[in-house]
Amino acid sequence: MRATICLLAFFPAVLQSLPAAEPAPPGDLPGWKLVWHDEFDGTAFDESKWNVMEKKLHKNKERQYYAADECYVEKGCAVLRSQKREMEGRPYTSGHIDTRGKFSFEYGRVEVRAKLPKGKGIWPAHWMLPEDRRWPPEIDIMEMLGHKPTRILMTVHHRQLDKPAHAGFSYVGPDFSADYHTFALEWEPDRLTWTIDGQRRHFSPLYSPDTPFFIILNTAVGGILPGNPDKTTKFPQYHYIDYVRVWKRDETTKPIERL
């Protein structure tokens with residue numbers, strides 16, 4: 001059985017980072033065939049699967065510098081750490097990994113099991129962009145504003161009347177920073193379906209992109225949506241990712257009846 005404990009060697013007291021339960025091992029699902037996954041079982045990122053960002057991005061008025069040393073693999077998890085640390089003119093550092101140029105897909109099911117960071121100005125996200133970086137479209141599997149750790153945002157960005165537009169939904173549930181949860185998107189030619197812990201939470205039959213997308217996992221600090229950190233924000237914050245899995249429809253099976 002693979003380990004899923006994500007305790008930092010230099011911070012052993014963080015017992016709340018233990019997963020609630022051992023997840024199912026990677027494999028096919030009814031009607032779906034597993035085509036790509038990373039369980040983060042090694043001691044470093046698999047360079048054939050992931051890019052680790054070292055860059056200052058200029059978007060959304062974010063305040064972080066994405067530093068490679070804020071991204072690491074430990075005891076069965078990818079860890080994206082956010083700190084109050086000045087670098088390249090930014091007051092915070094954080095982590096960003098993606099699969100651009102290494103893995104992309106068009107239509108399928110993508111699933112991420114993670115324990116999210118929290119606090120004013122903390123902005124974790126699991127999302128996807130086109131391999132050619134055209135925007136829109138964009139699909140946000142999960143976003144959370146750190147001062148609202150019980151609320152998950154699920155959004156598709158698209159173009160309407162030749163202008164950027166978006167359609168989305170928010171789900172209020174438990175404190176998603178307190179334990180691990182599974183965030184999934186089923187992307188099909190005629191619909192997008194978001195699930196959290198196996199329960200359907202949002203459905204869109206209107207805007208389904210038709211171009212290959214790559215996967216992005218990151219934690220922004222500050223920005224238009226969450227605002228900037230304040231005196232209540234505790235650092236460092238940790239975004240723990242237990243696994244990422246992608247399936248494609250199994251064309252050899254009978255279509256599953258939809259609700």
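The legends below accompany close-up views of a predicted model.

**Figure 1. Overview of the predicted fold.** The protein has 17 strands and zero helices. Its chain runs to 259 residues, and 54% of them count as buried. Among contacts with a separation of 6 or more, 69% join residues 24 or more positions apart. The exposed surface comes to about 12,300 Å². Carbon and sulfur atoms supply 53% of that area.

**Figure 2. The largest pocket and its lining.** The volume of the largest pocket is about 630 Å³. Its lining is made of 28 residues. Lys 59, Asn 60, Glu 62, Trp 127 and Glu 138 lie nearest the centre. Five strands each supply at least two lining residues: β7 (96–98), β9 (122–130), β10 (138–143), β11 (151–160) and β16 (213–221). By class, the lining holds 13 nonpolar, six polar and nine charged residues.

**Figure 3. Thr 211 and its surroundings.** Thr 211 sits in the loop between β15 (199–204) and β16. Its relative accessible area is 12%, under the 20% limit, so Thr 211 counts as buried. Neighbours within four places in sequence are set aside here. Beyond them, Thr 211 is in contact with Phe 105, Glu 106, Pro 130, Arg 134, Pro 137 and Trp 187.

**Figure 4. The salt bridge between Glu 39 and Arg 245.** The structure holds 11 salt bridges, and this view shows one of them. The closest N and O atoms of Glu 39 and Arg 245 are 2.8 Å apart. The pair links distant parts of the chain, with the two positions 206 residues apart. Glu 39 belongs to the loop between β1 (32–38) and β2 (51–52). Arg 245 belongs to strand β17 (residues 237–249). Both Glu 39 and Arg 245 are buried.

**Figure 5. Glu 70 and Arg 81 within a salt-bridge network.** The side chains of Glu 70 and Arg 81 meet in a salt bridge, at 2.5 Å from N to O. This pair also links distant parts of the chain, 11 residues apart. Glu 70 is placed in the loop between β3 (64–66) and β4 (71–74). Arg 81 is placed in strand β5 (residues 77–82). Glu 70 is buried, with a relative accessible area of 0%. Arg 81 has 13% relative accessibility and also counts as buried. A network of salt bridges links Asp 69, Glu 70, Arg 81 and Arg 85.

**Figure 6. The salt bridge between Lys 33 and Asp 28.** Lys 33 pairs with Asp 28, and their closest N and O atoms are 3.4 Å apart. Lys 33 has a relative accessibility of 39% and counts as partly exposed. Asp 28 is partly exposed too, with a relative accessible area of 48%. Both values fall between the limits of 20% and 50%, so neither residue is classed as buried or exposed.

**Figure 7. Lys 118 and its contacts.** Lys 118 is found in the loop between β8 (108–115) and β9. With a relative accessible area of 38%, Lys 118 is partly exposed. Residues up to four places away in sequence are not counted among its contacts here. Lys 118 touches Met 144, Gly 146, Pro 149, Asp 175, Ser 177 and Gln 237. The C-alpha atoms of Lys 118 and His 239 are separated by 8.9 Å. Along the chain, Lys 118 and His 239 are 121 residues apart.

Key:
Residues numbered from 1 in each chain as written. Predicted model: local features only at pLDDT ≥ 70, side-chain atom pairs only at ≥ 80, totals over all residues. Heavy atoms only, no water. 1 Å grid on protein atoms, 1.4 Å probe; cavity = no way out; pocket = protein on both sides within 12 Å on 5 of 7 lines; lining within 4 Å. Points joined across faces, edges and corners; volume = space filled by probe spheres on them. Helix = DSSP H or I, 4+ residues; strand = E, 2+ residues; numbered from the N terminus. Nonpolar A, V, L, I, M, F, W, Y, C, P; charged D, E, K, R; others polar. Buried < 20%, exposed > 50% of the residue type's maximum accessible area, 1.4 Å probe, protein only. Contact = heavy atoms within 4.5 Å. Salt bridge = Lys/Arg side-chain N within 4 Å of Asp/Glu carboxyl O. Areas by Shrake-Rupley, 256 points an atom, 1.4 Å probe, with all protein chains shown as cover.
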